[in-house]
Amino acid sequence: MDAVIGLEDGTTVYGEGFGIEGVVCGELVFTTQFTGYEEALTDPSYSGQILMFAYPLIGNYGLNPDTFQSERMQAEGLVVREACDHPSSHRSLNSIHDFLESERKPGIAGVDTRALTIKIREHGTLKACLMTGKTVDGSRAVELACREQEISELDLISRVTCKRMYHIEGDGKRIAVIDLGIKNNILKSLMRRKLDIFVFPADSKASDLESVNPDLLLLSNGPGDPKQAKAAIRLVSELAGSLPIAGICLGHQVIARALGADTYKLKFGHRGANQPVKNLRDGKVYITSQNHGFAVDGDSIEGTEIKITQINTNDETVEGIACPYLNIFCVQYHPEAHPGPRDTEAWFFNQIVDVIEN
Ligand SMILES: NC(=O)CC[C@H](N)C(=O)O
């Protein structure tokens with residue numbers, strides 16, 4: 001099967017198609033992680049995006065559904081240098097080829113993903129169209145890429161949030177989680193701490209949470225521009241001060257916007273497993289797992305009650321904020337890891353328990 005990826009700047013790259021025959025469009029984003037392709041491909045934060053791995057070997061250790069971060073592949077398509085056949089998979093379901101076929105998604109292999117990554121780093125994130133099939137047309141792919149909506153115009157959260165509230169029983173304190181596109185390992189990190197977890201849809205109102213009477217509100221990661229998370233922003237501004245609030249990635253951006261700060265789009269985002277973050281309280285630098293294209297604008301917190309608690313030592317962007325007197329804290333990176341390092345897992349999730357219990 002042939003394949004081509006066309007970019008909005010006119011670039012076309014041909015390769016070998018795998019997965020299904022199809023045409024998908026979206027932002028082309030790159031991640032630099034060496035491992036964890038199963039977690040990345042099933043992370044709802046990638047909804048609306050075509051995911052490219054700068055690391056060349058993808059699929060080389062198969063796919064284990066136990067590591068999946070949601071029930072399906074969330075990225076619209078996959079761009080790799082080499083789509084490896086897991087040595088022992090013999091094209092069983094845990095090969096990357098069979099995974100994309102079973103998920104009804106297209107992929108392109110044989111691409112110089114490092115050259116494309118350099119292009120995105122230099123130009124900034126580009127809209128793209130991935131076309132696979134017996135005959136593919138690069139100029140048509142470029143045309144479709146140009147016509148694709150900007151990610152900021154898309155309500156991607158409604159595609160990935162849960163349809164109704166669900167309860168994960170625990171014998172600890174009650175936590176209400178707003179599912180903006182939550183990764184499974186956030187829930188697993190909460191379950192390990194025996195919390196009694198109520199997961200709500202992204203458009204839930206304060207009155208929906210009253211029945212649960214939570215001890216803390218947690219806003220999850222998720223796809224797209226935080227400006228689109230209107231209901232969650234409204235919920236945080238209504239509940240701030242009435243209970244502790246925490247957030248991860250998109251949840252962090254939602255909290256910042258609810259407290260009066262602004263967010264902006266990064267040139268090409270942070271996606272990988274080696275992003276260094278300095279804790280401004282003790283000066284320690286932690287290696288974090290990240291997957292985000294937007295960030296909190298540090299200059300915009302002037303005049304708000306927000307304090308910056310952590311920064312990225314690569315580019316000084318905001319990686320953590322808090323509002324101590326409102327008992328609010330949140331992080332831009334992924335403390336739940338999966339993929340990536342677990343340096344910050346204990347700190348973040350233990351703080352959730354500490355805040356609830358004190
Ligand atoms: N992983 C996330 O929650 C991503 C947050 C947001 N969609 C961004 O790209 O910045």
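In the predicted model, Glu345 and Arg193 are joined by a salt bridge whose closest N and O atoms are 3.0 Å apart. Because Glu345 belongs to helix α10 and Arg193 to the loop between α6 and β12, this contact ties together parts of the chain that are 152 residues apart in sequence. Arg193 has a relative accessibility of 18% and therefore counts as buried, the limit being 20%. Glu345, at 7% relative accessibility, is likewise assigned to the buried class.

Glu345 also forms a salt bridge with Arg192, with a separation of 3.3 Å between the closest N and O atoms. Here, too, the partners come from distant parts of the sequence: helix α10, which covers residues 345–357, contributes Glu345, and the loop between α6 (184–191) and β12 (196–200) contributes Arg192, so that parts 153 residues apart are tied together. Arg192 is partly exposed, its relative accessible area being 42%, whereas Arg193 is buried. Glu345 thus takes part in salt bridges with Arg192 and with Arg193.

A salt bridge within a single helix is found between Arg140 and Glu143, with an N to O distance of 2.8 Å. Both residues lie in helix α4 (residues 138–147), where a spacing of 3 residues places them about one turn of the helix apart. Glu143 is partly exposed at 38% relative accessibility, and Arg140 falls in that class with a relative accessible area of 33%. The pair belongs to a network of salt bridges that links Arg140, Glu143 and Arg147. Over the whole structure, the search finds 12 salt bridges.

Aromatic contacts were examined next. The structure contains 8 aromatic pairs. One of them, formed by Phe30 and Phe268, is tilted, with 5.7 Å between the ring centres and 35° between the planes. This pair links distant parts of the chain, as Phe30 is located in strand β3 (residues 22–31) and Phe268 in strand β15 (residues 263–279), 238 residues apart. Both Phe30 and Phe268 are buried.

A further pair, Phe34 with Tyr55, is stacked, the ring centres being 4.7 Å apart and the planes 20° apart. Phe34 lies in the loop between β3 and α1 (37–41), and Tyr55 in the loop between β4 (49–53) and β5 (57–58); the pair links distant parts of the chain, 21 residues apart. Phe34 is exposed, with a relative accessible area of 56%, in contrast to the buried Phe30 and Phe268. Elsewhere, Phe329, Trp347, Phe348 and Phe349 are linked into a cluster by ring pairs.

The ligand is surrounded by 13 residues, of which Gly222, Gly224, Asn291, Gly293 and Phe294 are the closest. Backbone and side-chain atoms both approach the ligand. A backbone N or O atom of Gly224 is 2.7 Å from a ligand nitrogen atom, and a polar side-chain atom of Ser45 is 2.9 Å from a nitrogen atom of the ligand. An oxygen atom of the ligand lies 3.0 Å from a polar side-chain atom of Gln253. The ligand taken alone exposes 300 Å², and the protein buries 97% of this area.

At the level of the whole chain, the protein comprises 10 helices and 19 strands. Its radius of gyration is 20 Å, close to the 21 Å given by the globule rule for 358 residues, so the protein is as compact as a globular protein of that length. The C-alpha trace spans about 60 × 40 × 40 Å along its principal axes. Of the 358 residues, 61% count as buried.

Ile20 is one of the residues in the buried class, with a relative accessibility of 16%. This residue is situated in the loop between β2 (12–19) and β3. The C-alpha atoms of Ile20 and Thr132 are 7.3 Å apart in space, although the two residues are separated by 112 residues in sequence.

Definitions and conventions:
Residues are numbered from 1 along each chain as its sequence is written. This is a predicted model: local features need pLDDT of at least 70, side-chain atom pairs count only at pLDDT 80 or more; totals for chains, interfaces and linings use all residues. Side-chain values use heavy atoms; hydrogens and water are left out. Rings of Phe, Tyr and Trp (its six-membered ring) pair if their centres lie within 6.5 Å; planes under 30 degrees apart count as stacked, over 60 as edge-to-face and the rest as tilted. Helices (H or I, at least four residues) and strands (E, at least two) are DSSP runs, numbered from the N terminus. Buried means under 20% relative accessible area, exposed over 50%, partly exposed in between (1.4 Å probe, protein chains only). A salt bridge is a side-chain nitrogen of Lys or Arg within 4 Å of a carboxyl oxygen of Asp or Glu. A residue is near a molecule or strand if one of its heavy atoms lies within 4 Å of it. A polar contact is a pair of N or O atoms within 3.5 Å; within protein, one must be able to donate a hydrogen and the other to accept it, and residues adjacent in sequence count only if both atoms are side-chain atoms. Accessible areas come from the Shrake-Rupley method with a 1.4 Å probe; for residues, only the protein chains shown count as cover. The radius of gyration is taken over C-alpha atoms; the globule rule is 2.2 Å times the number of residues to the power 0.38.
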